[in-house]
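Trainee: Could you take me through one part of this protein up close? I'd like to look at the strands and the salt bridges that go with them.

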Amino acid sequence: MNSYPVVTIFAIIFLIEAVWWIVWMAIALSRKIYANFYFMLVSFLIWGVIDIVVLRGWSSIESLLYIAPSIVLTIIPLILLPGMVSIIAEYQRGVLFRFGRLSGLLQPGLNVIFPFGIDRVWKVDLRTLTIDVAKQEIITKDNVPIMVDAVVYFNVSDPILATTKVVNYTQSTTLLAQTILRSILGQHELDEMLTKRAELNEKLRELLDKDTDPWGIKVTAVEIKSIELPDTMKRAMAKQAEAERERRAKIISADGEYQAAQKLLEAAQLISKEPAALQLRYLQTLPEIAAEKNSTILFPLPIELLKAFSNINNK
């Protein structure tokens, strides 16, 4: 039986797999994952020695006996090498566990790990996450029941702590945010919530960030979305706002009357000093009267004429 074509095919396959194996070893060495590199090196040497023995055996009479080992040696790298690869995205970090113990942190890119469950990688997303704090009833300091909901923005600052210190950091942060929201807002009056929302948001963020820091969580912002008031409180506030508007309108009207009276007083004092000014005012009024289509026009007598008659009577 001529076995040279078969030997050639298996030799080419073994050569390609050897190159593939060497590439993975180079990746492990470049990333300074020395344990994986040594494991792959030893595995490669054992696999290579067996390959050489099998290929040399094809030249013997019992060459058919080497078909099964050749097939097995061909399949082993196809099964082994893909399980030794872990790809981490740019926005992720990989927490590596070896035999269940924390081993390190994998950086973005192609990483080489031990196969067969020896190494397990937990991928942690470092992007900003958003959670909605469910609407809940809160009693304010002045005993007003309100419904409040909020939104929390956070991200993972330490992937190892987020993986080893808490089971589900998203759910835990949500529940903690609900508790802190109820506790802090219950210490303030309704007017403070409506007028000092920015200060309350910052206070909530600081407290939530402090409590989630042991979990490797960084809270970047907490925003109170809405504050719902009871219908009775809405009506009372509407009446208060209406009364406030009426008060301001009356103040503005009274202030206008006061200023007008002041101006009239100043004008009267000025005219009283110059009698001719009053006569000029009379003359200015005549064109205004004539502009109107009136059937009767009353002409005021000049004050000087009245004074002249008064002087004659006195004589």
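What follows is a walk through the strands, their charged pairs and a few neighbouring spots.

Mentor: Sure, and keep in mind that what we're looking at is a predicted model. Let's set the scene before zooming in. The protein has 315 residues, and 30% of them count as buried. It has 10 helices and eight strands. If you take contacts between residues at least 6 apart in sequence, 64% of them join residues at least 24 apart. About 20,600 Å² of the protein is exposed, with carbon and sulfur atoms supplying 62% of that.

Start with strand β1, which covers residues 85-88. V85 is in this strand, and with a relative accessibility of 23% it counts as partly exposed. Skip its neighbours within four places in sequence, and V85 is in contact with W24, L110, N111 and I113. You can also check a backbone distance here: the C-alpha atoms of V85 and P115 are 8.5 Å apart, although 30 residues separate them along the chain.

Now look at S86, also in strand β1. S86 has a relative accessible area of 7%, so it is buried; the cut-off for that is under 20%. Leaving out residues up to four places away in sequence, S86 touches L106, G109, L110, N111, I113, V121 and K123. L110, N111 and I113 turn up in the contacts of V85 and in those of S86 as well.

On to the charged pairs. Searching the whole structure turns up six salt bridges, and three of them are worth your time here. Take D119 and R98: they form a salt bridge whose closest N and O atoms are 2.7 Å apart. D119 belongs to strand β5 (residues 119-125) and R98 to strand β2, so this pair ties together parts 21 residues apart in sequence. D119 is buried, because its relative accessible area is just 6%.

The next one involves D125 and R127, whose side chains meet in a salt bridge at 2.8 Å, N to O. D125 has a relative accessible area of 19%, which puts it under the 20% cut-off, so it counts as buried. R127, by contrast, is partly exposed at 43% relative accessibility. R127 has another partner too: it lies over the face of Y91, 3.8 Å from the ring centre. So when you click on R127, look both for the carboxylate of D125 and for the ring of Y91. While we're on rings, a search of the whole structure for aromatic pairs finds zero.

The third pair is K135 with E228, a salt bridge with its closest N and O atoms 2.6 Å apart. This one links distant parts of the chain: K135 sits in strand β6 and E228 in strand β8 (residues 217-228), 93 residues apart. Both ends fall in the in-between class for exposure: K135 is partly exposed with a relative accessible area of 39%, and E228 is partly exposed at 37%.

Two loops between strands deserve a look for their backbone angles. F99 is in the loop between β2 (92-98) and β3 (101-106). F99 isn't a glycine, yet its phi is positive, at about 55°. With a relative accessible area of 67%, F99 is exposed, since the cut-off is over 50%. N143 gives you a similar case in the loop between β6 (129-139) and β7 (145-156). Its phi is near 60°, again a positive value in a residue other than glycine. N143 is exposed as well, with a relative accessible area of 62%.

One last stop takes you off the strands and onto a helix. L15, V19 and V23 make a nonpolar surface patch of about 270 Å². V19 is found in helix α1, which spans residues 4-30, and at 46% relative accessibility it counts as partly exposed.

If you want a short viewing list, go with these: buried S86 in strand β1 and its contacts, the D119 and R98 pair, R127 with D125 and Y91, and the K135 and E228 pair.

Definitions and conventions:
Residues are numbered from 1 along each chain as its sequence is written. This is a predicted model: local features need pLDDT of at least 70, side-chain atom pairs count only at pLDDT 80 or more; totals for chains, interfaces and linings use all residues. Side-chain values use heavy atoms; hydrogens and water are left out. Patches are made of residues with over 30% relative accessible area and no salt bridge: like charges are joined within 9 Å, nonpolar side chains (Val, Leu, Ile, Met, Phe, Trp, Tyr) within 5 Å. Accessible areas come from the Shrake-Rupley method with a 1.4 Å probe; for residues, only the protein chains shown count as cover. A salt bridge is a side-chain nitrogen of Lys or Arg within 4 Å of a carboxyl oxygen of Asp or Glu. Helices (H or I, at least four residues) and strands (E, at least two) are DSSP runs, numbered from the N terminus. Buried means under 20% relative accessible area, exposed over 50%, partly exposed in between (1.4 Å probe, protein chains only). Contact means heavy atoms within 4.5 Å. Rings of Phe, Tyr and Trp (its six-membered ring) pair if their centres lie within 6.5 Å; planes under 30 degrees apart count as stacked, over 60 as edge-to-face and the rest as tilted. A charge sits over a ring if NZ of Lys or CZ of Arg is within 6 Å of the ring centre and within 35 degrees of the ring normal.
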